[in-house]
Structure formats: structure tokens, C-alpha cells
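Colleague: I am new to this model, so please take a close look at how its pieces fit together and walk me through it slowly.

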Amino acid sequence: MLRAIDVPQTTAEALTSLARARDALVIGGGTLVMPKVQAGASGLGALVSLAHCKLDKIAIKGDKVTIGAATTLAAIGEERGLAFLHSAIESVGSPTLRNLATIGGNLFTEQPYGDVAVCLLALDAEATVATRRGVKKVSVAEILKKGIGRDAIVTAVSFKKPEKGTWFYRKAMRRAANSASIVTIAALLPQSKTRVAKARIALGGCGEKPVLAAKAAAALEGQKLDADSVARAGALLIKDTAPFTDAYASAWYRARVLPVHFRRAILGE
Amino acid sequence: MQDLETIDTRFFSAEREADLDVVGTTVPRVDARAHVTGKTQFYEDVSFPGMLHLKMARSTRHHALLKKVDTRPAEKVPGFVRALTHKDVPNNWYTILRLIGVEPNDEPVLPEDRVLFQGEQIVAILAETAEVAGEAASKVKIEYKDLPAVFDVEEALKPGTPAIKPHGKNYFVYEGHHCRRIRFGDVDQAFKEADHVIEHRYQSAPIEHAPTETTGCIVKPEGNGRFTIYSNTQACYFTLDNAALIVGLPFNKLRVIGGTVGGGFGGKVDVTVEPIAIIAAMLTQRPVKYAYSREEEMQVSSPRAAERIYIKDGVMKDGRIIARKVTLYVDAGAYSRHSPYGTTKAAAHMPGPYSIPNVWVDAHCVYTNRTPSSAMRGFGVTIGDFALESQMDRIARMLKMDPIELRMLNAYRDGDMKAHRKKAEGCALVEVMQKAAEMTGRKLPERFKKMSSLKPVGSKGEGI
Amino acid sequence: MPSTVVTLKVNGRAQEFLARPGTTLLDALRESCSLTAAKKGCAQGTCGTCTVLLEGKPVFACLVPVETVAGRSVATLEGLSDGDTLHPLQESFIELFATQCGFCTSGMIMAAKGLLARNPNPSRADVVRAISGNVCRCTGYEAIIDAVLAAAAKMKNATPIRKKAAE
């Protein structure tokens, strides 16, 4: 049961609070942690809220974007400079949830939730991770694989804003809104002279963690984005994923529809 | 745009009473103003000083003997007040409809030696706060000895399958029989005479009501020895009657304040929370709240029963159904609750609103180790209709016949003898289909336009 | 487990109470402030029955540790109407049968209020989006959407007295 809720005013204070208790956890909007706390037997003794640590700024300098980890998804959804991310933001929960949920929290959720994390993976985003020993940059890819230390806090994420026509996103859901993912596709496909120069495809709803579909990405590089190349790449997506069965969809169904939604994400139909 | 507001009085004009004038008008709800101002009192909107919270330690197994139940680790949690087991229940065995003669009393308030479904409540923990109660409940140590579990209705009825119920059968016994039965005419002979025989299997899944308000109650001991029960039950008298019999109190010692239900749909007609909360209030002389969590509401509270229905029909070329054989299984899960009644309704609902001269029905109420099912919106009838009407559509497709015309041809008329040996009366299916066809712009052939529920049908084949 | 003294401004009035660690904004409203219109349906942020306005923005009160919003202003259903006069949302919900069991109603109305404060002229799709976090098991939603649009129309057409005189 909870012994304390700390509401620090700076990151340094938050780190001190974290260090004080082995069973403390950082909380952003509470949308992931509070359900666990209220279900009981979470094993948590203390919560350290980032709500007042001033980690909610969005900075866009040229094509470099830095977003404070405690920035709500709603705020990102209102930032005109991040319009490319809006369809992804809109696909997460409901507007009411997004008034609380933070971008930092999305890195620590369980699939088939965590669609913004899928986007950050596709964008090859970097996270700023603070501990009492200092601050360092860690790729989101690594954080998704290994997590962060018990005493660390993600304070910001940053990425390069994609050029027009290079960003693709689609989330297949059970309902028009407020649904976890059947499959989520986020792809960064910069092109040079009508051919895909580099491909980075991230998938959600397809395994315990968001994954990069490396084989499908390799198959797209050097190709034109047309029905044939997309179909060939689509067939390779499954090789890098391990879809599971849950209340939303079976593993079989996810595997079956993954290439279809991939095609719709890239080609629009 | 079709007028859906005014009653079409052209139909059955001889039967209309002149002074009925509410149906067809708009009447505001009496409770709407309280709902929109937040003044409606749901049971959990009431609170009392010194109120205790009750949380259940629940079975993690589908079917198991309880070898050991140890509440000592729970007792150590600060704020723990008391643990209740079956020993604290004066009359532990009940079934909801006992007062209308349904027996046996097959469900324990708290299990004595075994659990029959995953999620079954085992030990009630009382504590000063809901958090402590939940924490303590999670610490109760239970040792199980797994028993073979059965999850399929036909598996459950196979001769070799062990009985999971104390009365020794995996089915509810209807006056000495293993199912509800209808025998009318001779289906086997009729199948021989039919032009076509069409047979299909229909299966539904359990369906959870998922009300936005979870099941719960607060019981307050009063100074005069009575108990006030604030409950969101849909069935205040089921609660009152069963609780009085379980706790061994005269009926007038219990007062139920209810009728305000945050979504019922049949999901709040069981009596699962009030009896143990009353016992807790009796033993502690403090108000007690027992509220289901969302997870409990979804997994533990009773859903609509899954049903498996086999329908075999003998059909003539001209669309007359001359024989219908139905074998129906209701999956009652671990306990009877409303399923025996639902299965009776299912049998009574066969063969659908159609005049069929040869009918054979076996409707079984089957026990499995699944969450006990119970009532939900037309239970016993709704899923039967899904099967019956899917079958009618398949017949129509097979005969390349209009599905509306197939139904009108076979519909009951007033005076027809039903398979239940009762004469059909007040029939209106023909007219409803005529009106629906008109409203949807569907042109019916003349003889179907001329059909009437009031026209007696001698031999079937009217209008052909 | 020491409690924290928390002050909130609820429906314009200061509320001060003790909060044990783990007390959510919903618990505080219902138990410490006796404002029971906001409901507890899931404790997971999935049903919406706890929706209140936090500084004008709809949030799920069941997910907010109350210490993190100390000093902020909260609006609940109880603050919507002024004595006997109902807010257009409340009137429309009654007139258009947008409430049956009533359990989702507080959350629905507060989500709608949040919408209309930002967008007084919502499309049907805007309303659907705004209530997408609120579950109703009774009405099938259409009556609720109709009621929100009707309320928006009422609020737009409410003409100040001097404008009427000019006509």
C-alpha cells in the first residue's frame, strides 16, 4: 500500500525522492500506474509525480523536436508544428485520457498499448535520461528493449521531424476510438529520386514490445513505393514479430491483417 | 420518412380499447432530473462512519478441493478486522428461486470443501479500508487439489464425465427428467415424408452485461436490531427473501433500499453480495460495504448463458415446415441461479412462432466449471431466437424463397394447436410482417397481402 | 502513512481535507467533499463515469492522485446548475431521453461541458470524439449526441437582452 505521494518541483528533487524508497515509482499522468495501484497488490510504496517538474515543454528548432517527458498527449495534439503526429495521438485512448497521459509514460506501457512509443521507435528518437549521477542520451530503441534503471527518470524525448511524404502511420482498432491496438504501423521512409532511400518500420500490437521490422525495411530500400514492393515487404513483416492472443485479437488474426494494414498505411488503400 | 411515432390502428381494430392513450406518446422519465443534477442516490453514494470494507479471496482454479485455507497472513495486515468463512454462515446453501419451488439449494454462500469455478469467492475479509481489505484478501493462503474440470456442455453430459455437483448429475433435474421435453406428433415419420431435411448447429458465447456501475451493497445494522441493505439489485425481493433465509432472520428484520440500478440488464438479479455483507454487519455491528471491482464484475458476475442448439427441420418444397427437432443445451456454469428457469423458457419458446405439426424438443440445463450464468435480457429466449431465425433464413435460401414469405406461410394463426398443447391466441406475426414490408418498401405478392392471423388455417397451404 | 492536507477549489468553493496516500481526486470529491455525482465505474480510466473538469479540461478523476492537483480548480456536475435553473445540457438530456439508468450521465455531461467551452459549434463528429472516453450501456449514444448538439444550439441562441431590444 502507498505510504507517500511525492510532488517534487524539480527533476533533482524527483531523483532524490526516487532514491529514498526501493518501492517508489515515477508517475506522469497516472493513466498506467494508477489502475495498477487501485487494482491492489501493486507492490508500490511511493509514487513520485513529475506533474510539477516543468518537464512539459515542446521545443521545435528547425527540424529538431524536443518534447518534455511529462508533456500530455493532448498538448502534443494541439501543437501545430507536430501535425504529422496528430493521427497517432488521436488514436490513443480518448481526448479525456490524453489530457492526463504523457509521452514519457507511453514508453513504459505494455503492448497492445503504447502507440506513441511505436512512433518514437520509427523516428529513431532519443530519450534524455537523468539519474543522480548526471544526464545522458539513450535511444528509445534501447529503452524499449531494456528499460531504464530503477533510479532513473526520462525527462525528454527528441527526434528529427520527418519531411513531408516520408511519414506513415496506421493503427488498426476494434472500435473507431478508444481501443488498444490490433496492429500499429509507424514507418519513416525518406525517398530519393522516387525510390526509398532508407526505411525504418516500427510495429505495435505484434509482440511484447514495439519492434522494428528490419527484414521488411530492407526489402523496401531502393524500391519505388508501389503495390508490388509494398506487398513484398508486407509479407516479411511477420518475420520480425511475435503476435499474441488477447481480448482484442488472436495472434492468428494479427498476423493475417498485418500486411493489409501495412499496405493501407503506405498506399492509403 | 416513415412515421414511427403513431400507432397504426388499422390492425386488429375490433380489439382496441378506447381509453388506452399512453403508448405512442412521449412521457418524460421521472428520474431524469435527478440524474442530470447528480442527485440520484446510487447505493455507493451513501456512506456511514465506521464503515467496514469487504473483499473476497477468490479461487484461482476451475475445479478443486480446498485442502487448506489459512487466513493468518491476512490477519497480520494493519487494519484487518475479521475473516468470514462458511462456518460463519447460518444457512449456507441456497438457490435464488427456492421460494417458487426450484431445488436443490445447490450454491453455497461460501464454499465448504471445494470450488467449482475460477473466481468463486472463498473467504470474506473485512477491514477498515478497501485497500487493506484487498491487500489482506490477496494474502490468504489457499491450497487446492485440482479436480478434472469440464468446460463443454456435451462433454459434461457424456456418461464417463464425473459429476461436479453434489446431487450427482451435471444437469438440472426437471421433475425426475434430465431435460425439459416437448413431444408433439412424430418427427421421425415426418422427416421421411419431407422434401428436404436441413440440420444445423448454433452456438453462442457467454455475454457479460458490463454495466457501468458494478454490483455492490452496503449493510447497516440499525439500533432496533434490523438491518438496512442499500443495494443495486434489480430484484429487491429476491435479495430480501434469500438473505433472510440464509442469515436465519425473520423477513421483517431486513429492509432493502434499492431500485436504483446503474445498469442491470439481468446482471443484478442474483443474490451474491448482500447475504455475506449482512452476516458481516451482524458479527461486527458495523456498516459493511461489499462492492465488486471492475475485474470482478467482468469475470465473476454471471453472464448470459452460452447455448448450443441443434435444429433439424423437415421442409416441403412449398415452404411448409412439417417437422422440427431441437436439442438445446444451456451452459449454466457452476451453479443454477436462473438457468433452470431460463432453460424452461427456452423449451417453451420452441419451435418459434410457427405452426409445425411435428415437434420434438430436449432442452438441457447443464453444469460446467465455467462462471455461473444467469439472467440477461430475454434469457432463455433471445439465443433460441437467434438459432431459430438463422435456421429460417437458411431454409429460405435453400428453397430460393423470400424469407418474409417463408415466415408468413408458417406463422401461427389464432386457434392453431401449439406443440405445448395450448391454442395460439392473439397472434400478430403475419400483420407485423405485412406492416414491416410496407414500411421498408417491400412488395408482397397478393396472397401474402391477404393473409391474416385471424383466418383459421385448416390444412396448411392457405393461398397456394 | 501520514496524510496530506489538500486544498482544492471545487465548483468555485475552497475545499480542504486530509488525504491518505493513494487517495484519488475521485475519492476526495466523493468522500471528503460529499460530491457524489462523479462515479466509480472501473478505477482504470476506461469507463468515463468519473469525468470532471480540471481547470476546464475533462480528466478521469479516478486516475489523479489528489496531492498532484492541490490548489487547482475542479468543476463537477453539482456546480453546473444554479438552484432551480438547469443548464442547457441538463435540460437537453432530460428532453431528449439521453439518460436512462443515470450512471454515465455525470461523466457525459462534464465531457460535453468541456467540449462546448472550447468549441461552441461542434459537429456531430466533434461530439462523438469528445465522449469517446465515456461508456453508456443503456442509450446507444445517439440520444446523448443529439442532446449535446441541442444544448450547443440553445447556448448559441441565448440572446442577451439588449440584442432583443434592437430587433
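Modeller: Happily; we will go from two sheets to the places where domains and chains touch.

This is a predicted model, so local features need pLDDT of at least 70, side-chain atom pairs count only at pLDDT 80 or more, and totals for chains, interfaces and linings use all residues. Residues are numbered from 1 along each chain as its sequence is written, chains are lettered from A and ligands numbered from 1 in the order in which they are written, and side-chain values use heavy atoms, with hydrogens and water left out.

Let's start in chain C. Here five strands form an open sheet in the order E2-E1-E5-E3-E4, with mixed pairing. (Helices, H or I with at least four residues, and strands, E with at least two, are DSSP runs numbered from the N terminus; two strands pair if DSSP finds at least two bridges between them.) The edges belong to strand E2 (13-19) and strand E4 (57-60) of chain C; each has a single partner strand, so one side of each is left without a neighbour in the sheet. From one strand to the next, the twist averages 40°. (Axes are lines fitted to C-alpha atoms, for helices over the stretch in contact, and angles run from 0 to 180 degrees between N-to-C directions.)

Helix H1 (residues 25-32) of chain C packs on this sheet, touching E1, E2, strand E3 (51-54) and strand E5 (73-75) of chain C. The direction of H1 makes about 105° with that of E2(C). Touching here is contact, meaning heavy atoms within 4.5 Å. Another helix, H3 (residues 105-118) of chain C, lies across E3, E4 and E5 of chain C and runs at about 35° to E3(C).

Within the sheet, strand E1 (residues 4-10) of chain C is joined to E2(C) in the antiparallel sense over seven bridges. You can find C:Thr4 opposite C:Ala19 in E2(C).

Chain A has an open sheet of three strands, ordered E1-E3-E2, with parallel pairing. Strand E1 (4-6) and strand E2 (24-27) of chain A are at its edges with a single partner strand each, so one side of each is left without a neighbour in the sheet. Its twist averages 20° from one strand to the next. E1(A) pairs with strand E3 (residues 46-49) of chain A in the parallel sense over three bridges, and A:Ala4 stands opposite A:Ala46 in E3(A).

Now to the domains of chain A. The domain assignment gives domain 1 (4-49), domain 2 (58-160) and domain 3 (167-267); such bounds come from an automatic or database domain assignment. The C-alpha centres of domain 2 and domain 3 of chain A lie 20 Å apart. Where these two meet, 22 residues of domain 2 of chain A are in contact with 27 residues of domain 3 of chain A. The area buried between them is about 1,900 Å², and carbon and sulfur atoms give 64% of it. (Buried area is the accessible area, with a 1.4 Å probe, that two parts lose on being put together, summed over both.) In domain 2 of chain A, the residues losing the most area to domain 3 of chain A are A:Gln111, A:Pro112 and A:Ala122, together 31% of what that side buries.

Two salt bridges are found across this interface of domain 2 and domain 3 of chain A. (A salt bridge is a side-chain nitrogen of Lys or Arg within 4 Å of a carboxyl oxygen of Asp or Glu.) The side chains of A:Asp124 and A:Arg200 meet in a salt bridge at 3.3 Å, N to O. Helix H4 (86-90), helix H6 (115-122) and helix H7 (140-146) of chain A each supply at least two residues of the side of domain 2 of chain A that touches domain 3 of chain A. H6(A) gives the largest share of that side, six residues.

Finally, let's look between chains. The contact of chain B and chain C takes 29 residues from chain B and 29 residues from chain C. The two chains bury about 2,300 Å² between them, of which carbon and sulfur atoms give 58%. There are four salt bridges between chain B and chain C. The side chains of B:Arg33 and C:Asp84 meet in a salt bridge at 3.9 Å, N to O. On the side of chain B that touches chain C, the largest share, five residues, comes from helix H1 (residues 32-37) of chain B.
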